[in-house]
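Welcome! Please take a look at the sequence and the model below, and then let us walk through its sheets, helices and pockets together.

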Amino acid sequence: MSDQGILAVVSGFSGAGKGTLMKELLRRYDNYALSVSATTRSPRAGEVHGREYFFVSEEEFDRLIQEDQLIEYARYVRHSYGTPKSYVTEQLQAGKDVILEIEIQGALKVKEKFPDTLLLFVSAPDAAELKRRLAGRGSESEEVIRARLDRAKEEAEGMDCYDYLLINDDLDACVEEMHRIIQAQHAKMSNNRRFIERIRSELAEC
Ligand code: ADP
Ligand code: 5GP
C-alpha cells in the first residue's frame with residue numbers, strides 16, 4: 001500500500017463523457033473519492049446540491065476564495081468553479097484515491113501545488129462525435145454549446161501537458177483503462193517513501 005491515496009485530475013472537452021465515466025468508475029470500485037466542486041452555474045435537471053456540485057452564488061464563491069477554502073478555482077464559460085480543500089486532504093490522508101474532475105487551468109494549478117498529481121485527459125473519438133454528445137445531452141442552449149466548443153479548441157492546445165490520454169469511445173473499456181492507470185500510480189517510487197525508509201532501516205539491522 002503506498003503512502004497515501006493518489007490525487008488524479010480528470011479533464012477533457014465538454015461532452016467528452018467525463019461525468020459519465022466518473023459515475024461508472026465510482027459504481028464499480030470503492031476506493032475512489034470524487035471531489036465535489038463549488039460552482040456559480042445553475043443545476044442541470046437531475047443535479048443535486050452537494051452531489052454533483054455545491055451550487056453557490058457569486059458572493060458565496062468570493063467568500064470561499066477570501067477564506068482560502070479552495071485548492072484552485074477558474075472561470076469557465078461565464079461561471080466560476082473551484083475545488084474545496086478540506087475534503088481532498090482528508091480523503092488522501094485516509095488512503096482514498098481522490099479524483100478532481102476540473103478544467104485545464106485548474107489542473108495546472110493543482111499540479112503546481114502537488115507535483116505528484118496524475119493528469120488524465122478525456123476526449124471523444126472525434127470532433128463530430130463530441131458535437132453530437134454535447135448537443136444530445138440537451139442541457140445547454142445553442143449559444144452555450146458554441147462557447148463550449150470554442151473552449152474545447154483552446155483546451156486542445158494545452159492537452160499535451162497531461163500525462164495520459166483516454167479516448168472515450170467504448171465506455172466500459174475507457175472506465176477500465178482509467179482505473180488501471182490510476183492504480184498503477186501506487187507502485188511509483190515517489191508514492192512509496194514510507195516503505196523505502198522502512199526497508200532501508202530493516203536492512204541496516206541485518
Ligand atoms: P462531460 O461530463 O465530459 O461534459 P457527459 O458525461 O455529460 O460529458 O456526457 C455527454 C453526453 O455523452 C451524455 O449524454 C452521455 O450520456 C454521452 N456519453 C458519454 N460517454 C459516452 C460514450 N462512451 N458513448 C456514447 N455516448 C456517451
Ligand atoms: P460543467 O458545467 O459541464 O459541469 O463543467 C464545466 C467545466 O468546469 C468542466 O470542464 C469541468 O471539468 C470544470 N470544472 C468543474 N469543477 C471544477 C473545479 O472545481 N475547478 C475547475 N478549475 N474546473 C472545474
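## Sheets, helices and pockets

Helix α4 (residues 104–113) lies across β1, β7 and β8 and runs at about 160 degrees to β1. Helices (H or I, at least four residues) and strands (E, at least two) are DSSP runs, numbered from the N terminus. Contact means heavy atoms within 4.5 Å. Axes are lines fitted to C-alpha atoms, for helices over the stretch in contact, and angles run from 0 to 180 degrees between N-to-C directions.

A word on the model itself: it is predicted, so local features need pLDDT of at least 70 and side-chain atom pairs count only at pLDDT 80 or more, while totals for chains, interfaces and linings use all residues. Residues are numbered from 1 along each chain as its sequence is written, chains are lettered from A and ligands numbered from 1 in the order in which they are written, and side-chain values use heavy atoms, with hydrogens and water left out.

**The parallel sheet.** The strands that α4 lies across belong to an open sheet of 5 strands, in the order β2-β7-β1-β8-β9, with parallel pairing. Two strands pair if DSSP finds at least two bridges between them. At the edges are β2 (32–34) and β9 (164–167), each pairing on one side only. Neighbouring strands here are turned by 25 degrees against each other on average, direction ignored. Strand β1 (residues 7–12) and strand β8 (residues 118–123) run parallel and are joined by 5 bridges; Ser-11 stands opposite Phe-121 in β8. Helix α1 lies across β1, β2, β7 (97–101) and β8, at about 165 degrees to β7.

**The mixed sheet.** Another open sheet has 4 strands in the order β4-β3-β6-β5, and its pairing is mixed. Because β4 (53–55) and β5 stand at the edges with a single partner strand each, one side of each is left without a neighbour in the sheet. The twist averages 25 degrees from one strand to the next. Strands β5 and β6 run antiparallel, joined by 6 bridges, and Ala-74 has Tyr-81 in β6 as its bridge partner. Helix α2 (residues 58–66) lies across β3 (37–39), β5 and β6, running at about 140 degrees to β5.

**The pockets.** On a 1 Å grid over the protein atoms alone, a pocket is an open set of points where a 1.4 Å probe fits, with protein on both sides within 12 Å along at least five of seven lines; lining residues have an atom within 4 Å of a point. Grid points are joined across faces, edges and corners, and a volume is the space filled by probe spheres set on the points.

| Pocket | Volume | Main contributor to the lining |
|---|---|---|
| Largest | about 1,100 Å³ | α1, 6 residues |
| Second largest | about 260 Å³ | α3 (residues 85–93), 3 residues |

Which residues come closest to the centre of the largest pocket? Of the 41 that line this pocket, they are Lys-18, Gly-19, Arg-44, Tyr-53 and Glu-101. For the second largest pocket, with 16 lining residues, Gln-4, Gly-5, Leu-7, Asp-116 and Asn-191 lie nearest the centre.
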